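Welcome, and take a moment to turn the model around before reading on. What follows is a short guided walk through its features.

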Amino acid sequence: MKASEGDDKQINEMKLASGSYDLIQKDLGIADELDFGTGEDPFGQLHAFLTPRIQYLLDHDFGYLINAMYRIDISEGALKEILELSKPGNIAADIAERVIIREKMKMETRMKYSDNKKI
């Protein structure tokens with residue numbers, strides 16, 4: 001792979017992570033800003049950022065978390081599976097992972113169709 005292809009892939013991954021973060025920020029009502037560091041895994045950074053916020057909602061506002069999962073389009077069954085099957089210390093991380101996967105899918109679709117627009 002050429003250096004420019006690697007750069008393009010990294011830029012695309014950063015755009016995908018940044019767009020996913022924007023969706024997560026809106027859907028979860030997060031006001032904090034996340035600055036993605038260059039050279040680091042942007043989705044790893046997003047996961048590390050999101051996990052404690054999910055934990056806070058689990059501990060202090062479970063109803064809000066349930067509503068946010070609905071807005072994000074994570075099924076009740078998927079959330080119930082995480083709550084029942086995850087180890088207690090991993091629940092927030094597992095929910096964060098599911099949120100990131102879903103928002104990433106949304107961003108991939110948006111990017112695909114925005115790149116194909118012809119005017």
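Just after helix H3, Asp73 adopts a positive phi of about 80°. Please keep in mind that this is a predicted model. Asp73 is worth a second look, since the side chain of Asp73 also forms a salt bridge with Arg102, with 3.0 Å between the closest N and O atoms. This pair connects distant parts of the chain: Asp73 sits in the loop between helix H3 (62–72) and helix H4 (76–85), while Arg102 belongs to helix H5 (residues 91–115), 29 residues apart.

**The overall fold**

How many helices and strands does the chain have? The secondary structure comes to five helices and zero strands, and along the sequence the pattern reads α-α-α-α-α. The chain has 119 residues, of which 38% count as buried. Of the contacts between residues at least 6 apart in sequence, 62% join residues at least 24 apart. The accessible surface of the chain is about 7800 Å², and carbon and sulfur atoms account for 51% of that surface.

**Salt bridges**

Side chains of opposite charge can pair when their charged atoms come close. Searching the whole structure turns up five salt bridges. The table shows three of these pairs.

| Pair | Closest N to O distance |
|---|---|
| Lys26 and Asp27 | 3.6 Å |
| Arg53 and Asp32 | 2.7 Å |
| Asp73 and Arg102 | 3.0 Å |

Where do Arg53 and Asp32 lie along the chain? Arg53 is in helix H2 (residues 42–60) and Asp32 is in the loop between helix H1 (3–28) and H2, so their salt bridge ties together parts that are 21 residues apart in sequence. Arg53 is partly exposed, at 24% relative accessibility, and Asp32 is also partly exposed, with a relative accessible area of 37%.

The Lys26 and Asp27 pair shows a contrast. Lys26 is exposed, with a relative accessible area of 59%, whereas Asp27 counts as buried at 7% relative accessibility. These two residues also belong to a network of salt bridges that links Lys26, Asp27, Glu103 and Lys106.

**The nonpolar core**

In soluble globular proteins, nonpolar side chains tend to be buried together. In this model, the largest nonpolar core has 32 residues, and those with the most contacts inside it are Leu28, Leu50, Ile54, Met69 and Ile95. H1, H2, H3, H4 and H5 each contribute at least two residues to this core. Which helix gives the most to the core? That is H5, with eight residues.

Leu50 is a good place to zoom in. Not counting residues up to four places away in sequence, Leu50 touches Ile24, Leu28, Ile30, Ala96, Val99 and Ile100.

Another residue to find is Ser20, in helix H1. Is Ser20 buried or exposed? Ser20 counts as buried, because its relative accessibility is 0%, and the cut-off for buried is under 20%. Leaving aside neighbours within four places in sequence, Ser20 is in contact with Phe43, Leu46, Glu103, Lys104 and Met107.

**The sides of helices H3 and H4**

An α-helix has 3.6 residues a turn, so residues three or four places apart point the same way. With that in mind, look along helix H3. The buried residues of H3 are Leu65, Ala68, Met69 and Ile72. They cover an arc of only 105° around the axis, so they lie on the same side of H3. Met69 was already named among the core residues with the most contacts.

Now compare helix H4. In H4, the buried residues are Ala78, Leu79 and Ile82. Their arc around the axis is only 100°, which puts them on the same side of H4. What is exposed on the other side of H4? There you will find Glu76, Glu84 and Leu85, which are exposed.

**A nonpolar patch on the surface**

To finish, look at the outside of the model. Phe62, Ile66 and Leu83 form a nonpolar patch on the surface, with about 220 Å² of accessible area together. Phe62 is part of helix H3 and is partly exposed, with a relative accessible area of 38%.

Terms used:
Residues numbered from 1 in each chain as written. Predicted model: local features only at pLDDT ≥ 70, side-chain atom pairs only at ≥ 80, totals over all residues. Heavy atoms only, no water. Salt bridge = Lys/Arg side-chain N within 4 Å of Asp/Glu carboxyl O. Buried < 20%, exposed > 50% of the residue type's maximum accessible area, 1.4 Å probe, protein only. Helix = DSSP H or I, 4+ residues; strand = E, 2+ residues; numbered from the N terminus. Arc of directions from axis to C-beta. Patch = residues over 30% accessible without salt bridge, like charges linked within 9 Å, V, L, I, M, F, W, Y side chains within 5 Å. Areas by Shrake-Rupley, 256 points an atom, 1.4 Å probe, with all protein chains shown as cover. Core = buried A, V, L, I, M, F, W, Y, C linked by side-chain atoms within 4.5 Å. Contact = heavy atoms within 4.5 Å.
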